[in-house]
Amino acid sequence: MRIYDKPNPKEPHRKANPDKRRKWLIVTLVVVLAIGGIIYSLADRYLMRHVEVVVADDNTAAAGSSNDEAATETEVNATSDDWNYSSDDMQVSIEKVQTGSGSDQITYYVADVQLTDASSLRSALADNSFGTNITENTSEIAAANNAIFAINGDYYGFRDDGVIIRNGTVYRDDPVRDAMALFSDGTMKTYNETEVSSSELLAEGATNTLSFGPILIQDGEIVSDFSSVKIDNNFGNRSIQDANPRTAIGMIAPNHYVFVVVDGRQNDSRGMTLAELAEVMQGLGATEAYNLDGGGSSTMYFMGRVVNNPLGRNQERGVSDILYLKEGQ
């Protein structure tokens, strides 16, 4: 026998409320669109390539030169081994340094560079393009430009501000922070972007500017306070004050530079604080020194190989630019 529920005449019949359902659908759609907009905005800002300028590289220019000029560039009287390079135009000597022990051990690499002509120190962009989120490994950019030696630059493409002059061309002019400039006379100067214009820098002979920081040494003195340093407000930034992998450039005298790359976040090297890095640069004789992009970007390249241990796994992270050394004009 089947038993059927009988409707209760006292209980009102429940009907779906189309207005309420419509409101929920609208709210759901708005939320989905908002989340999608946020995801797209983040991807556009941090992942999608935005090419503003395609730059002709040195190799393209060399291909159009005469046979005599090409021969002159390739006929370089040089000697080298795994840690040294010597020619008529440059001397490069790299040393691996380890200090401390256990959890306090630090491993870093020092490259002492002396040039006869400042034009041997150049910059190069990933994929020969200026813009945001355009990256290649330091070694890839270096190899594409026939570099003898290279380090990662300031990762300008992670930000959309700063004063960016590369190989004498102004690509971005939005002054916001302390920066560093290299000049055609072989000198290096640290400065505040908001106090010196790009036109003034070019008039003084600036060939390259890097916008990261902070300044480590200025006029021979360590910058005293690194506690409030802030490079930018981008999503995902680590604290810059902690011990981290580091990359820095310093000038001992005109055309005499020192480059330091510090391994970090690994068992045999904890990395350096900014204060420790400044002390190292001063100990090496730098009268000006500047901190470049670090962390997973920190890479030193020499004669076809990566010298340090990026990311603690011998695995490079893509960067937007490098500083490198090359023979010839």
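**Entry 1. Terms and overall counts**

I call a residue buried when its relative accessible area is under 20%, exposed when it is over 50%, and partly exposed in between. By that rule I find both Asp-154 and Arg-166 buried; I return to this pair below. I note at the outset that the model is predicted.

I looked up the totals next. The protein has 329 residues, of which 44% count as buried. I count 6 helices and 21 strands in its secondary structure. The exposed area comes to about 17,100 Å², with 51% of it supplied by carbon and sulfur atoms. Taking contacts between residues at least 6 apart in sequence, I find that 70% join residues at least 24 apart.

**Entry 2. An open sheet**

I traced an open sheet of 5 strands, paired in the antiparallel sense, and wrote its order as β6-β21-β8-β19-β20. Which strands stand at the edges? They are β6 (121–125) and β20 (305–306); each has a single partner strand, so one side of each lacks a neighbour in the sheet. At the β20 edge, I followed the pairing with β19, residues 300–302, which is antiparallel and runs over 2 bridges. Phe-302 has Arg-305 of β20 as its bridge partner.

**Entry 3. Salt bridges at Arg-166**

I searched the structure for salt bridges and recorded 7. I began with Arg-166, whose side chain meets that of Asp-154 in a salt bridge at 2.9 Å, N to O. Asp-154 sits in the loop between β8 (149–152) and β9 (162–166), while Arg-166 belongs to strand β9, so the bridge ties together parts 12 residues apart in sequence.

Which other side chain does Arg-166 meet in a salt bridge? I found Asp-321, at 3.0 Å from N to O. This pair links distant parts of the chain, since Arg-166 is in strand β9 and Asp-321 in strand β21 (residues 321–325), 155 residues apart. I checked the cover of both residues. Arg-166 has a relative accessible area of 3% and is therefore buried; Asp-321 is also buried because its value is 1%. I note that β21, the strand of Asp-321, is a member of the open sheet of Entry 2.

**Entry 4. Salt bridges at Asp-104 and Arg-270**

I then examined Asp-104 and Arg-270, which form a salt bridge with their closest N and O atoms 2.7 Å apart. The two residues come from distant parts of the chain, 166 residues apart: Asp-104 from the loop between β4 (90–99) and β5 (106–115), Arg-270 from the loop between β17 (256–262) and α6 (274–283). Are these two buried or partly exposed? Asp-104 is partly exposed, at 42% relative accessible area. Arg-270, at 23% relative accessibility, counts as partly exposed as well. I also recorded a network of salt bridges that links Asp-104, Arg-270 and Glu-276.

**Entry 5. Aromatic pairs**

A search of the whole structure gave me 5 aromatic pairs. One of them, Phe-130 with Tyr-171, is stacked, with centres 5.0 Å apart and 20 degrees between the planes. Phe-130 lies in strand β7 (residues 129–132) and Tyr-171 in strand β10 (residues 169–174), so this pair ties together parts 41 residues apart in sequence. I find Phe-130 buried at 0% relative accessibility. Tyr-171 is buried too, with a relative accessible area of 18%.

I looked at Phe-149 and Phe-259 next. Why is this pair tilted? Their ring centres are 5.2 Å apart and their planes stand at 55 degrees, so the pair is tilted; planes under 30 degrees apart would count as stacked, and over 60 as edge-to-face. Phe-149 is in strand β8 and Phe-259 in strand β17, so the pair ties together parts 110 residues apart in sequence. Both rings belong to buried residues. Finally, I noted a cluster in which ring pairs link Phe-130, Tyr-156 and Tyr-171.

**Entry 6. A nonpolar surface patch**

I closed with the surface. Which residues make the nonpolar patch of about 410 Å²? I listed Trp-24, Val-27, Val-31 and Ile-35. I placed Val-27 in helix α1, residues 18–46. Val-27 has 44% relative accessibility and therefore counts as partly exposed.

Definitions and conventions. Residues are numbered from 1 along each chain as its sequence is written. This is a predicted model: local features need pLDDT of at least 70, side-chain atom pairs count only at pLDDT 80 or more; totals for chains, interfaces and linings use all residues. Side-chain values use heavy atoms; hydrogens and water are left out. Two strands pair if DSSP finds at least two bridges between them. Helices (H or I, at least four residues) and strands (E, at least two) are DSSP runs, numbered from the N terminus. Patches are made of residues with over 30% relative accessible area and no salt bridge: like charges are joined within 9 Å, nonpolar side chains (Val, Leu, Ile, Met, Phe, Trp, Tyr) within 5 Å. Accessible areas come from the Shrake-Rupley method with a 1.4 Å probe; for residues, only the protein chains shown count as cover. A salt bridge is a side-chain nitrogen of Lys or Arg within 4 Å of a carboxyl oxygen of Asp or Glu. Buried means under 20% relative accessible area, exposed over 50%, partly exposed in between (1.4 Å probe, protein chains only). Contact means heavy atoms within 4.5 Å. Rings of Phe, Tyr and Trp (its six-membered ring) pair if their centres lie within 6.5 Å; planes under 30 degrees apart count as stacked, over 60 as edge-to-face and the rest as tilted.
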